[in-house]
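Dear colleague,

Please find the structure below, with the sequence alongside. A summary of what was found in it follows.

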Amino acid sequence: MYDNENGQGYGSPDNSNQWNQPNDGRAGINQPTQQQYYDPQTSRTYYSGENYSPFPNEGPLPTGPAYPNGPYQPNPPYNQGNDSSNRNSGLAIACLVLGILGFLSGVFFVGIALDVLAIILGIVSLIQNNRKKGLPIAGMVLAFLSIILTFLVYYTIGISQDRSVRGVEREVYVPTTEEKATSSMLMPNITQTDYAAPKSLILVYENKNAVDVQLEITVTYYDENDDLLFLRNSYIWGCAAGGRAAVDVPYPYDKDYNDIPYSRYEITALAKEVDYRLYSQNYGTQFQIKSNPGSRGSVLASITNPTGMTFDSVELMCIYYKDGSAVGISSQYISDMEKKANVEFSAPYDSDYNDLEYDDYEIIINGTNNYNS
C-alpha cells in the first residue's frame with residue numbers, strides 16, 4: 001500500500017475489474033480500474049469515484065457498493081434533545097419535595113420560605129410545558145395549604161394571648177366548690193385596702209388568720225358603658241399569719257401598651273391555706289427592719305433575720321404614702337438571706353417617670369422562700 005500527498009494510502013492495482021467499473025482511460029501500465037483509499041483517522045477504506053467524507057459537514061456522503069446500507073451517518077449524541085425534558089422533571093420533583101418539607105415545618109419561618117420557593121418552582125415548571133404536571137401542582141397545593149394553616153395557627157395564638165383589642169388579658173378563673181368553701185372561711189379574717197395610685201392600682205392585705213394564706217386576685221376594669229374593658233390576675237403566694245402583703249396591678253392598656261381610660265374596677269380575691277409541701281412558710285413577721293429616706297428620694301433599709309435559717313429568696317415591698325393614700329410601690333429581692341442585708345427601694349414615680357412626693361412609707365415582707373425544703 002502506498003501513501004499519497006494527503007497521507008492516505010491506496011492498494012495494488014485491481015485488474016480483475018471486480019466492481020464492473022469501466023476503465024477511466026488514463027495512461028499508465030496496469031492502471032487500476034478502481035483504486036482503494038485508506039483514511040487513518042477513521043479506519044475506513046473507500047474507492048476512487050466515491051465522494052467519501054468522514055464528517056457530514058465537509059462534503060457529500062459516500063454511496064455505492066462499499067456502503068450497501070446507505071450513506072455513512074455518524075452516531076447521534078446520547079440522549080440528544082432530552083435535556084429540556086429532564087430539566088422540567090427536576091423542577092417538578094423539587095417543587096413537590098419543597099412543598100412536603102414546607103408543609104411539615106410550616107409553623108416555623110423556614111417552612112414559609114420553603115413554601116414560597118415551592119410555588120415559584122411549580123409555576124416555572126408549568127410554564128415550560130412539562131408533561132408531568134401532577135408533581136408541580138401537588139407541590140403547590142401543599143405549599144398553599146401550609147401557608148394557610150400557618151396563618152391560622154399564629155392567628156389563634158395571638159387571639160389566645162390577647163383576647164380583645166381593648167385589653168382583656170385572659171379568662172376569669174372559676175374556683176371549685178371546695179375552694180369557694182375554704183375561701184369563705186378565710187376571707188372574713190383578711191382585710192383589703194386598694195389605692196388608685198398614679199402609676200398602678202395598689203392592693204394591701206392584712207391576714208388575721210392563724211395560718212399563712214395564698215391569695216389569687218382578679219381585677220376587672222369597666223368602661224363608661226359598664227362593658228368589660230380589661231382583666232388582670234395577680235397572686236400573693238404566702239401572706240404570713242398576722243402579717244401584711246401587697247401587690248400592684250397595672251391599669252388597662254391595649255395590645256400596643258397604650259393606656260386605656262376606664263370608668264371603674266372590681267376586685268375579687270380567693271384565699272386558701274398555704275400548702276407547705278408546695279410553698280414555703282413566710283417568716284416575715286419575725287424579721288426586724290430599720291429604715292430611713294435616702295438622699296435621692298429613695299428609702300434605705302437594714303433587714304435582720306433572727307430565725308437562724310438561710311433563705312434562698314426574700315421578697316420585700318415598700319409602699320409610699322401621701323396624705324394617707326398610697327402613691328407608689330417599689331419591690332426588692334434578697335438572695336441567700338442569712339443574718340442581715342441592706343437594700344434600697346427606688347423613689348416613686350408616675351407613668352411619665354416624674355418623681356412623686358411622699359410623706360410616709362411602709363416596708364412589707366411578702367415572702368421568705370426555701371426552694372429545697
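**Leucine 203 and the cores**

Setting aside residues within four places in sequence, leucine 203 makes contact (heavy atoms within 4.5 Å) with Thr193, Asp194, Ile217, Val219, Ala245, Ala246, Val247, Val249 and Ile267. This is a predicted model, in which local features need pLDDT (the predictor's confidence in each residue, from 0 to 100) of at least 70, side-chain atom pairs count only at pLDDT 80 or more, and totals for chains, interfaces and linings use all residues. Residues are numbered from 1 along each chain as its sequence is written, and side-chain values use heavy atoms, without hydrogens and water.

The largest nonpolar core (buried Ala, Val, Leu, Ile, Met, Phe, Trp, Tyr and Cys residues joined through side-chain atoms within 4.5 Å) has 20 residues. Within this core, Leu203, Ile217 and Ile236 touch the most other members. Two or more residues each come from strands (DSSP runs of at least two residues, numbered from the N terminus) E6 (200–207), E7 (213–222), E8 (228–239) and E9 (244–250). E7 gives the largest share, five residues. A second, separate core of 18 residues includes Phe287, Val314, Ile334 and Ala341.

Alanine 245 lies in strand E9. Alanine 245 is buried (under 20% relative accessible area, 1.4 Å probe, protein chains only), because its relative accessible area is 0%. Beyond four places in sequence, alanine 245 touches residues including Leu203, Ile236 and Ile364.

**Confidence**

The chain averages a pLDDT of 79, and 69% of the residues score at least 70. Over residues 161–165 the pLDDT is below 50. Where pLDDT is low, the predicted coordinates should not be read in detail.

With kind regards

Technical notes: Buried means under 20% relative accessible area, exposed over 50%, partly exposed in between (1.4 Å probe, protein chains only). Helices (H or I, at least four residues) and strands (E, at least two) are DSSP runs, numbered from the N terminus.
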